[in-house]
Amino acid sequence: MIIRAALSDGAAALASVSETPFLDASLLLARALGASRERVLAMGPEELDETGGSAFRGLIARRAAGEPVAYILGLKEFRGLEFGVDERVLCPRPDTELLVEAALRTARSFAASDRAPLRIHDAFTGSGAVAVALAAELGDSAAVSMSDLSPDALELARENARRLLGHELPAALSDCMEGVDGPFELVTANPPYVTSMFCDGIYASGGKEPRLALDGGPDGLGLYRRLAPRAREVLAPGGVLAVEIGDEQGSAVSALFRAAGFGEVDVLRDLGGRDRVVLGVSP
Ligand SMILES: C[S@@+](CC[C@H](N)C(=O)[O-])C[C@H]1O[C@@H](n2cnc3c(N)ncnc32)[C@H](O)[C@@H]1O
């Protein structure tokens with residue numbers, strides 16, 4: 001069989017489990033052949049040998065069983081960095097880049113007003129995607145730390161910081177920032193925000209990511225309810241809390257921020273026009 005036909009068969013086998021079957025198949029074939037995806041796409045008319053074909057079929061079977069491509073590859077690109085990921089953590093999503101962009105704008109506005117080095121804490125850090133991206137992009141102008149309730153996630157976040165930054169980031173095992181001492185100028189968070197009932201559906205249909213990373217309780221808002229008052233305690237005056245939210249949570253999370261005493265509460269939308277980030281300023 002030629003490469004182009006193998007790719008098309010692989011993509012067809014993934015059509016019911018993936019929104020991007022051809023992309024997935026090409027990434028998996030690249031892994032099976034130990035080549036780049038670009039090289040694989042250029043190899044269309046060449047024959048796929050038996051060893052490569054068998055490896056590819058094995059990877060397609062894993063993906064067809066619901067395993068995310070990022071877990072199969074052990075890597076996920078986020079803001080130009082290749083994060084190690086596996087079943088200990090949520091795979092970083094493109095949506096979360098908006099949280100990083102909002103945090104960078106906030107950080108740079110502080111830096112312009114001479115608050116550097118900025119103290120930033122990323123709660124619910126998972127793979128460390130947000131913390132490590134901020135540390136990479138802000139360099140010496142920020143001191144970034146991170147926390148998570150899962151020791152397994154935190155271990156991976158530490159590994160990602162070491163490999164991608166070349167140094168450690170302070171990392172705390174903590175339930176919703178309990179025991180994490182401020183003050184911070186900026187707290188970022190992408191907490192679990194899916195409702196428990198929706199989560200039940202995800203796991204009934206074979207979801208592989210940790211439930212701890214997704215389940216935000218009966219209304220999906222449980223962690224925002226706890227985080228907003230806790231963030232008030234650790235933020236310096238004028239400090240900012242920036243959180244990612246689900247696309248129907250803008251007004252509910254804004255109300256929780258206001259109830260906790262935050263001012264200048266703002267909801268940012270993604271490119272699809274959906275609520276995605278809420279920001280608030282601690283008085
Ligand atoms: C949606 S994932 C976010 C991961 C990462 N920040 C990202 O954006 O890709 C949520 C993370 O929150 C952690 N978590 C869940 N409940 C927590 C709690 N009560 N306190 C701290 N972390 C918690 C989970 O272990 C998971 O790593």
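A residue is buried if 20 or more other C-beta atoms, placed from the backbone, lie within 10 Å of its own, exposed if 12 or fewer do, and partly exposed in between. The structure is a predicted model, in which local features need pLDDT of at least 70 and side-chain atom pairs count only at pLDDT 80 or more, while totals for chains, interfaces and linings use all residues. Residues are numbered from 1 along each chain as its sequence is written.

**Exercise 1. Determine whether Glu 264, Cys 176, Glu 50 and Leu 138 are buried, partly exposed or exposed.**

Solution.

Step 1. Glu 264 has 12 other C-beta atoms within 10 Å and is therefore exposed. Glu 264 belongs to strand E8 (residues 263-269); helices (H or I, at least four residues) and strands (E, at least two) are DSSP runs, numbered from the N terminus.

Step 2. Cys 176 counts as partly exposed because it has 19 C-beta neighbours inside 10 Å.

Step 3. Glu 50, in helix H4 (residues 50-64), counts as exposed because it has 8 C-beta neighbours inside 10 Å. Its C-alpha lies 9.4 Å from that of Met 1, with 49 residues separating Glu 50 and Met 1 in sequence.

Step 4. Leu 138, in helix H7, has 20 C-beta neighbours inside 10 Å and so counts as buried. Between Leu 138 and Pro 117 the C-alpha distance is 9.7 Å, at a sequence separation of 21 residues.

**Exercise 2. Describe the backbone geometry at Cys 176, Glu 264 and the bond between Gly 182 and Pro 183.**

Solution.

Step 1. Most residues other than glycine have a negative phi, and most peptide bonds are trans.

Step 2. Cys 176 has a positive phi, near 50 degrees, and is not a glycine. Glu 264 likewise is not a glycine, and its phi is positive at about 50 degrees.

Step 3. The peptide bond joining Gly 182 and Pro 183 is cis, with omega about 0 degrees.

Step 4. Pro 183 is located in the loop between strand E5 (171-173) and strand E6 (184-189). Cys 176 is also placed in the loop between E5 and E6.

**Exercise 3. Characterise the packing of helix H1 (residues 3-14) with helix H2 (residues 21-33).**

Solution.

Step 1. Two packed helices are described by the angle between their axes and the distance between the axes. Axes are lines fitted to C-alpha atoms, for helices over the stretch in contact, and angles run from 0 to 180 degrees between N-to-C directions.

Step 2. H1 and H2 pack at about 125 degrees, and their axes are 8 Å apart. H1 is therefore oblique to H2, given that angles under 35 degrees count as roughly parallel, over 145 as roughly antiparallel, 65 to 115 as roughly perpendicular and the rest as oblique.

Step 3. H1 and H2 make a right-handed crossing (left-handed if the near helix is turned anticlockwise from the far one by less than a right angle, right-handed if clockwise).

Step 4. H1 contributes Ala 6, Leu 7, Gly 10, Ala 11 and Leu 14 to the contact, and H2 contributes Pro 21, Phe 22, Asp 24, Ala 25, Ser 26, Leu 28 and Leu 29; contact requires C-beta atoms, placed from the backbone, within 7 Å.

Step 5. The residues of this H1 and H2 contact comprise 9 nonpolar, 2 polar and 1 charged (Ala, Val, Leu, Ile, Met, Phe, Trp, Tyr, Cys and Pro count as nonpolar, Asp, Glu, Lys and Arg as charged, and the others, Gly among them, as polar).

**Exercise 4. Repeat the analysis for H1 with H4, and for helix H11 (residues 222-234) with helix H12 (residues 250-259).**

Solution.

Step 1. The axes of H1 and H4 come within 9 Å and cross at roughly 20 degrees, so the two helices are roughly parallel to each other. Their crossing is right-handed.

Step 2. Ala 6, Gly 10, Ala 13 and Leu 14 of H1 meet Gly 53, Phe 56, Ile 60, Arg 63 and Ala 64 of H4. By class, the contact of H1 with H4 holds 6 nonpolar, 2 polar and 1 charged residues.

Step 3. H11 and H12 pack at about 30 degrees with axes 9 Å apart, and are therefore roughly parallel to each other. The crossing of H11 and H12 is right-handed.

Step 4. The H11 residues Tyr 224, Arg 225 and Ala 228 meet Val 253, Leu 256 and Phe 257 of H12. This contact of H11 with H12 has 5 nonpolar, no polar and 1 charged residues.

Methods: Contact = placed C-beta atoms within 7 Å.
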